[in-house]
Amino acid sequence: EKEEDVPSMVRETVLQLKQRFPDMFSPSKKCRVPNVNIDKLSNDIISQYHQCDSAFWNNNDDKELVLLEWLLQQNEAIKNKYEKIGIKENATISPKAWKKATSSGFYLGLDTSWLTFSQP
């Protein structure tokens with residue numbers, strides 16, 4: 001993968017996420033949790049991409065698909081994390097934000113703890 005192709009690959013993948021969860025994407029860069037901004041999310045992923053272990057990407061021809069699958073896995077992991085600790089015990093997320101995330105099925109906007117690439 002050429003270095004200059006990374007931003008376009010990431011943006012295309014985030015666009016696919018937006019198509020799946022349109023109500024969770026906000027035009028504002030300072031959007032409220034659990035919403036995300038497409039540009040900010042793309043830029044955050046791109047900056048992490050450059051720091052990740054290359055083993056994450058090796059032997060994968062379709063990096064967009066690998067990234068999309070990874071993002072969906074992280075989405076599920078965030079859901080499981082908060083379900084496990086319970087929303088009442090977590091003062092960082094409002095019940096309103098949790099309800100919106102749960103109704104849409106999109107949890108990536110709840111926090112950024114998932115934003116580190118590691119070997120699946």
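Here are a few questions and answers on helix packing, buried residues and ring pairs in this predicted model.

Me: How do we describe two packed helices, and at what angle do α1 and α3 pack?
Reply: Two packed helices are described by the angle between their axes and the distance between the axes. Here the helices are α1, residues 5-20, and α3, residues 63-85. Their axes are 9 Å apart, and the packing angle is about 45°.

Me: Is that roughly parallel or oblique for α1 and α3?
Reply: The angle is about 45°. Roughly parallel would need an angle under 35 degrees, and roughly perpendicular runs from 65 to 115. That makes α1 against α3 oblique.

Me: Is the crossing of α1 and α3 left-handed or right-handed, and which residues of α3 make the contact?
Reply: The crossing is right-handed. From α1, the contact uses M9, V10, E12, T13, Q16, L17 and R20. By class, the contact has 7 nonpolar, 2 polar and 4 charged residues. On the α3 side, the residues are K63, E64, L67, L68, L71 and L72.

Me: Is M9 buried or exposed?
Reply: M9 is found in helix α1, and it is part of the contact with α3. Its relative accessibility is 6%, and the cut-off for buried is under 20%. So M9 counts as buried.

Me: Which residues does S42 contact, leaving aside its neighbours within four places in sequence?
Reply: S42 is found in helix α2, residues 38-49. At 2% relative accessibility, S42 counts as buried. With those sequence neighbours left aside, its contacts are V10, R11 and V14.

Me: The structure holds 5 aromatic pairs; is the one between F21 and F106 stacked or tilted?
Reply: The ring centres of F21 and F106 are 5.0 Å apart, with the planes at 50°. Stacked would need planes under 30 degrees apart, and edge-to-face over 60. So this pair is tilted.

Me: How many residues apart in sequence are the parts that F21 and F106 tie together?
Reply: F21 lies in the loop between α1 and α2, while F106 lies in the segment after α4. F21 is buried at 12% relative accessibility, and F106 is buried at 0%. Ring pairs also link F21, F25 and F106 into a cluster. The parts that F21 and F106 tie together are 85 residues apart.

Me: What about W98 and Y107: how far apart are their ring centres?
Reply: W98 counts as buried at 15% relative accessibility, and Y107 is buried at 5%. Their ring planes are at 45°, so the pair is tilted. The distance between the ring centres of W98 and Y107 is 5.5 Å.

Conventions:
Residues are numbered from 1 along each chain as its sequence is written. This is a predicted model: local features need pLDDT of at least 70, side-chain atom pairs count only at pLDDT 80 or more; totals for chains, interfaces and linings use all residues. Side-chain values use heavy atoms; hydrogens and water are left out. Axes are lines fitted to C-alpha atoms, for helices over the stretch in contact, and angles run from 0 to 180 degrees between N-to-C directions. Helices (H or I, at least four residues) and strands (E, at least two) are DSSP runs, numbered from the N terminus. Angles under 35 degrees count as roughly parallel, over 145 as roughly antiparallel, 65 to 115 as roughly perpendicular and the rest as oblique. A crossing is left-handed if the near helix is turned anticlockwise from the far one by less than a right angle, and right-handed if clockwise. Contact means heavy atoms within 4.5 Å. Ala, Val, Leu, Ile, Met, Phe, Trp, Tyr, Cys and Pro count as nonpolar, Asp, Glu, Lys and Arg as charged, and the others, Gly among them, as polar. Buried means under 20% relative accessible area, exposed over 50%, partly exposed in between (1.4 Å probe, protein chains only). Rings of Phe, Tyr and Trp (its six-membered ring) pair if their centres lie within 6.5 Å; planes under 30 degrees apart count as stacked, over 60 as edge-to-face and the rest as tilted.
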